[in-house]
Amino acid sequence: MYLRELDLRDFRSWPELHVDLDPGATVFSGRNGHGKTNIVEAVIYSAALSSHRVSTDAPLVRSGATSARISATTVNQGRELTTHLLIRPNESNQAQINRTKLKSPREMLGVLRTVVFAPEDLALVVGEPQQRRRFLDDLAALRIPRLGGAKADYDKVLRQRNALLRNSYGALRRGYDDEDGASALTTLDVWDARLAALGAQVIAGRMDLVNLLADPVREAYASVAPESRPAAIRYSSKLDATIAELMGIDPHENPGTGRSNPAGSEAIPPEVIEAAFLSELGRRRKEEIERGTTLVGPHRDDLLLTLGDQPAKGYASHGETWSFALALHLAEYALLSGEGSAPVLILDDVFAELDAKRRERLVAVAETAEQVLITAAVGDDLPANLDTHVSARYTVTMESEEPGNTTRVSRIFKEAQ
């Protein structure tokens, strides 16, 4: 799989950009803040419908513009598809593939697949659970687009349920003896059922994914940091104890296996997760009404990362933290490559952060990729053994939009090979 062409309009610092790309490695170099990362961010957004840098769309639209457009032509095993995405922060985004308009941008998922290494990766280890949940959800949606739809629908229902808990606090407390209270509780029952059904799909998808990643993460970490303690990952859900009870399993009988659920390697049926979800919602209803928020569900879960018998967060050294972040993405790359065409590999200003050993491991993966997109502040940041695979180099600068205008925009120049 490779990206053949990229067109941007009003994306970040780019009023316009057209760049033709080839298989092999393409390097975008330039000073920090001049717009090179904005190029690969647009590619990432086309693949995942989210940015690796920000959580909302507004920063993606160039100052003074109302929308941004990303068009990307992907070649996968000889088949060529062009996706067009219109980003509108104050309205719904619009998308099409070739000339066909899509009902939802989510229908684009899977056309382009990317795996990204970036300085922000440290947040996967030392950051909040939200960062790790997002890693799982983005990868799950890339592999199985319906899981992306289930997560998006879950988030909508969660917002509506939380609004009901906040706005109908008095009625909910009065209960069924009051007409308004009875109506509010009936509505809450409806949201509970919908939330549990969608949440069960999200949790089941995450658990299956973590089970698939557990061994590759352990092996990748050992290859990057052989002198360190063994790495393991496990999915931790607020529903674990209830699921174990429903399945008649001791949730503590298999500690340290690296498996992501109380049943070890056994897949938990979504209907069991849904039943556990509904049970926990019922048990904690009074507390949720008092606090005005939903306390149970995939939005409260975490991906636990451990080194030996200690959590990586708070106990890993800086080098171990980088090694774990690399291992997560190396496992992601191996999983996607094993299920089809190798994804486009994006290395965003990452070599300057790595020591020689970690650079070497990353280069070994880059050499197997059909296409690698690299950003670097200076060309010297690129390892010599990867430099031989470079098919094109571009210099990115920032200039005044027009003579006498203080607005600065990004410009790109192709270097002679």
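This report covers aromatic pairs, one helix contact and an annotated binding site in a predicted model.

## Aromatic pairs

The structure contains 2 aromatic pairs. One of them joins Phe28 and Tyr394, whose rings are stacked, at 5.5 Å centre to centre and with 20° between the planes. Phe28 belongs to strand 3 (residues 24-29) and Tyr394 to strand 14 (residues 390-400), so this pair ties together parts of the chain that are 366 residues apart in sequence. Phe28 has a relative accessibility of 0% and therefore counts as buried. Tyr394, at 7% relative accessibility, also counts as buried, because the cut-off for that class is under 20%.

Tyr221 and Phe324 form an aromatic pair as well, with ring centres 5.5 Å apart. Their planes stand at 50°, so this pair is tilted. Here too, distant parts of the chain are linked: Tyr221 sits in helix 6 (residues 179-224) and Phe324 in helix 10 (residues 318-338), 103 residues apart. Both Tyr221 and Phe324 are buried.

## Contact between helix 3 and helix 4

Two packed helices are described by the angle and the distance between their axes. For helix 3 (residues 129-143) and helix 4 (residues 145-167), the axes come within 5 Å and cross at roughly 135°. The two helices are therefore oblique to each other, because angles over 145 degrees would be needed for roughly antiparallel.

On the side of helix 3, the contact is made by Asp137, Ala140, Ala141 and Arg143. Helix 4 contributes Pro145, Leu147, Gly148 and Lys151. By type, the residues of this contact divide into 4 nonpolar, 1 polar and 3 charged.

## Annotated binding site

An unreviewed UniProt entry carries the annotation "binding site" for Gly30, Arg31, Asn32, Gly33, His34, Gly35, Lys36 and Thr37. According to the source of such records, annotations may be inferred rather than shown by experiment.

Arg31, one of the annotated residues, lies in the loop between strand 3 and helix 1 (36-48). With 62% relative accessibility, Arg31 counts as exposed. Leaving aside residues up to four places away in sequence, Arg31 touches Lys36, Ala377 and Val396. Among these, Lys36 is itself covered by the annotation.

Gly33, also covered by the annotation, is placed in the loop between strand 3 and helix 1. Its relative accessible area is 64%, so Gly33 is exposed. Strand 3, which leads into this loop, also holds Phe28 of the stacked pair.

How values were computed. Residues are numbered from 1 along each chain as its sequence is written. This is a predicted model: local features need pLDDT of at least 70, side-chain atom pairs count only at pLDDT 80 or more; totals for chains, interfaces and linings use all residues. Side-chain values use heavy atoms; hydrogens and water are left out. Rings of Phe, Tyr and Trp (its six-membered ring) pair if their centres lie within 6.5 Å; planes under 30 degrees apart count as stacked, over 60 as edge-to-face and the rest as tilted. Helices (H or I, at least four residues) and strands (E, at least two) are DSSP runs, numbered from the N terminus. Buried means under 20% relative accessible area, exposed over 50%, partly exposed in between (1.4 Å probe, protein chains only). Axes are lines fitted to C-alpha atoms, for helices over the stretch in contact, and angles run from 0 to 180 degrees between N-to-C directions. Angles under 35 degrees count as roughly parallel, over 145 as roughly antiparallel, 65 to 115 as roughly perpendicular and the rest as oblique. Contact means heavy atoms within 4.5 Å. Ala, Val, Leu, Ile, Met, Phe, Trp, Tyr, Cys and Pro count as nonpolar, Asp, Glu, Lys and Arg as charged, and the others, Gly among them, as polar.
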